[in-house]
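Colleague: I'd like to go through this model with you and ask how you back up each label. Can you put it on screen?

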Number of protein chains: 2
Amino acid sequence: MKVRRSDRLIDMTRYLLERPHRLVSLTFFSERYGSAKSSISEDLTILKRTLKSRGTGLLETVPGAAGGARFIPYIPEKEATQFVDGVIESLSEADRFLPGGYVYMSDLLGRPNVLRQVGRLIATQYLADQVDTVLTVATKGIPIAQSISDYLNVPFVIARHDSQITEGSTVSVNYVSGSSSRIEKMALSKRSLAPDSRVLIVDDFMKGGGTVGGMQSLVKEFDAKVAGVAVFAEGSFAGERRVPNYTSLLKIHATNDHVEVTPGNFAEQIYTPERLAQFVD
Amino acid sequence: MKVRRSDRLIDMTRYLLERPHRLVSLTFFSERYGSAKSSISEDLTILKRTLKSRGTGLLETVPGAAGGARFIPYIPEKEATQFVDGVIESLSEADRFLPGGYVYMSDLLGRPNVLRQVGRLIATQYLADQVDTVLTVATKGIPIAQSISDYLNVPFVIARHDSQITEGSTVSVNYVSGSSSRIEKMALSKRSLAPDSRVLIVDDFMKGGGTVGGMQSLVKEFDAKVAGVAVFAEGSFAGERRVPNYTSLLKIHATNDHVEVTPGNFAEQIYTPERLAQFVD
């Protein structure tokens with residue numbers, strides 16, 4: 001049965017958006033809609049133009065009979081900055097300050113609209129780089145890791161402080177928690193990371209970088225490679241960080257009676273001229 | 001600037017899909033595209049037809065000048081059954097059996113395509129019922145809770161066994177773990193649940209129902225209401241369950257040397273004649 005262009009465009013948008021970073025073939029769409037490949041090619045041209053002009057993402061089209069299209073989500077710098085400014089405004093409400101210079105932010109990291117934007121933002125940094133797996137450590141990094149995994153369309157895995165029977169055999173590392181200088185342990189199921197795979201390390205908060213350093217050691221134990229480090233918020237830290245290169249959305253400066261939240265380093269990390277050239281006309 | 005119908009349909013699809021269960025007004029779309037409300041109404045009719053015929057979801061249209069459209073995602077029964085059958089096939093691989101009759105399933109619950117389908121499936125049960133918040137307990141229920149929260153477009157909150165300083169004041173309950181008969185404790189930030197709100201309780205695995213019972217007690221402590229209980233897998237249990245009514249995707253029967261995985265009760269829980277009447281012609 002032949003399908004009208006308007007119906008095809010709606011269904012193709014939905015289909016491609018649900019499968020970011022995956023090549024969907026012309027043949028697949030042509031059979032799905034009973035339409036000629038030339039019509040599908042025209043549809044993809046329209047899709048590409050609209051997705052780009054609305055700042056939704058890039059539609060990479062691979063030409064030829066064996067070709068197809070791949071949707072690469074991103075978030076334009078202006079929208080990213082507005083989003084981070086909005087988060088800062090929420091976090092600056094006085095009733096969020098907790099004893100000891102902490103800020104209550106668990107509610108934000110449970111809101112689907114916030115998590116979607118965090119995922120899109122970090123996925124923007126890896127729009128052209130290969131990431132095979134997202135790694136985080138329980139508990140609070142999980143929602144961020146899951147959202148990034150959703151936009152990169154790759155699995156995420158969770159290291160734990162307590163290794164559980166349901167994880168099977170695990171690999172564990174010891175690391176020094178940066179802020180408290182305690183020795184801690186984290187374990188990851190042996191089945192989690194493939195050798196030589198590229199791993200994106202993610203957490204909700206980084207101070208001295210001890211926990212992120214622990215995850216870097218884990219990646220090494222699996223003979224895998226660190227593709228990058230991304231955190232929702234970095235805290236102010238006097239000493240030298242164990243993690244030289246990372247992306248943060250927020251910076252939190254806390255004293256005992258005052259907390260200041262400012263934008264992290266995401267703009268200079270993500271919106272480099274080389275990367276911008278890929279998705280701006 | 002006026003926008004062509006094809007461009008509008010692509011952008012509207014994307015916009016509505018990212019905001020499930022939320023009413024988007026005709027006025028908003030009309031201003032966004034510089035188009036007459038009558039044209040937008042026609043667009044919505046096309047969208048409604050395509051989303052329904054492809055089994056993507058329901059587009060509820062609210063008539064009149066103050067009206068608009070609301071996208072309600074669902075998954076048709078056939079697609080749900082195929083998805084669960086696929087999960088059962090994966091889980092039945094021999095190398096997943098762990099000592100003590102456990103099954104390794106952490107990898108599945110870290111795959112974005114699996115989590116999306118789990119979220120759509122459970123959201124289908126609540127397509128016409130109000131849910132204000134999704135509640136789970138750390139750690140393994142989190143990815144499922146997040147995906148359901150994404151499709152229902154409501155926040156999720158996480159109870160924890162160890163209460164942390166970053167949660168602020170908490171409410172805690174003691175409960176009896178069904179399988180081990182130990183007394184355990186879980187705590188939830190005081191800011192998490194509003195009085196009288198409707199809470200969907202979610203976990204990855206339920207055996208005796210002790211943990212889910214603990215979450216029910218928490219909901220009561222907040223003067224909120226349980227909207228339902230959903231688990232990824234239920235284990236076989238000899239005694240009487242503390243949770244009379246729940247939805248499960250899988251049933252896992254485990255002995256020391258053999259594990260059998262079969263479909264849970266989702267078909268009879270979700271695909272009732274009343275609910276089917278809402279989304280099938």
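What follows is a short back-and-forth on how each label is earned.

Modeller: One thing up front: this is a predicted model.

Colleague: Okay. What makes chain A as compact as a globular protein of its length?

Modeller: Start with what is in it: chain A has nine helices and 13 strands. Its radius of gyration is 21 Å, and the globule rule gives 19 Å for 281 residues; the two are close, so chain A counts as that compact. If you want outer dimensions, its C-alpha atoms fill a box of roughly 65 × 45 × 30 Å along the principal axes.

Colleague: Which domains is chain A divided into?

Modeller: Domain 1 covers 5–73 and domain 2 covers 77–279. Their centres, taken over C-alpha atoms, are 32 Å apart.

Colleague: How many residues does each domain bring to the contact?

Modeller: Ten residues come from domain 1 of chain A and ten residues from domain 2 of chain A. To be counted there, heavy atoms have to be within 4.5 Å. The two domains bury about 770 Å² between them, with carbon and sulfur atoms giving 48% of that area. On the domain 1 side, the touching residues are four nonpolar, three polar and three charged.

Colleague: What holds for salt bridges and polar contacts across that domain interface?

Modeller: The rule finds zero salt bridges there. It does find two residue pairs in polar contact, both at pLDDT 80 or more.

Colleague: Now the two chains. Why is Arg54(A) with Asp11(B) called a salt bridge?

Modeller: The closest N and O atoms of Arg54(A) and Asp11(B) are 3.9 Å apart. The cut-off is 4 Å between a side-chain nitrogen of Lys or Arg and a carboxyl oxygen of Asp or Glu. An Arg and an Asp at 3.9 Å fit that rule, so the pair qualifies. The count between chain B and chain A is eight salt bridges.

Colleague: And how many residue pairs are in polar contact between the chains?

Modeller: There are 22 such pairs between chain B and chain A, both residues at pLDDT 80 or more. The N or O atoms of a polar contact must come within 3.5 Å.

Colleague: Which helix gives the largest share of the side of chain B that touches chain A?

Modeller: H1(B), with eight residues. Helices H1 (5–17), H2 (26–33), H3 (37–53), H5 (112–125) and H6 (142–152) of chain B each supply at least two residues to that side. By class, the side divides into 23 nonpolar, 16 polar and 16 charged residues.

Colleague: What area do the chains bury?

Modeller: About 4800 Å² between them, 55% of it on carbon and sulfur atoms. The contact takes 55 residues from chain B and 55 residues from chain A. Ile10(B), Arg54(B) and Tyr104(B) supply 14% of the area that chain B buries against chain A, more than any other three residues.

Colleague: Last topic, the backbone. How do you know that the peptide bond from Ala138(A) to Thr139(A) is cis?

Modeller: Its omega is near 0°. Thr139(A) sits in the loop between strand E6 (133–137) and helix H6 (142–152) of chain A. In chain B, the bond from Ala138(B) to Thr139(B) is cis too, with omega near 5°, and Thr139(B) lies in the loop between strand E6 (133–137) and H6 of that chain.

Colleague: What makes Asp196(A) worth flagging?

Modeller: Asp196(A) has a positive phi of about 70° although it is not a glycine. You'll find Asp196(A) in the loop between strand E9 (183–189) and strand E10 (198–206) of chain A.

Technical notes: Residues are numbered from 1 along each chain as its sequence is written. Chains are lettered from A and ligands numbered from 1 in the order in which they are written. Side-chain values use heavy atoms; hydrogens and water are left out. Domain bounds come from an automatic or database domain assignment. Buried area is the accessible area (1.4 Å probe) that two parts lose on being put together, summed over both. A polar contact is a pair of N or O atoms within 3.5 Å; within protein, one must be able to donate a hydrogen and the other to accept it, and residues adjacent in sequence count only if both atoms are side-chain atoms. Ala, Val, Leu, Ile, Met, Phe, Trp, Tyr, Cys and Pro count as nonpolar, Asp, Glu, Lys and Arg as charged, and the others, Gly among them, as polar. Helices (H or I, at least four residues) and strands (E, at least two) are DSSP runs, numbered from the N terminus. The radius of gyration is taken over C-alpha atoms; the globule rule is 2.2 Å times the number of residues to the power 0.38.
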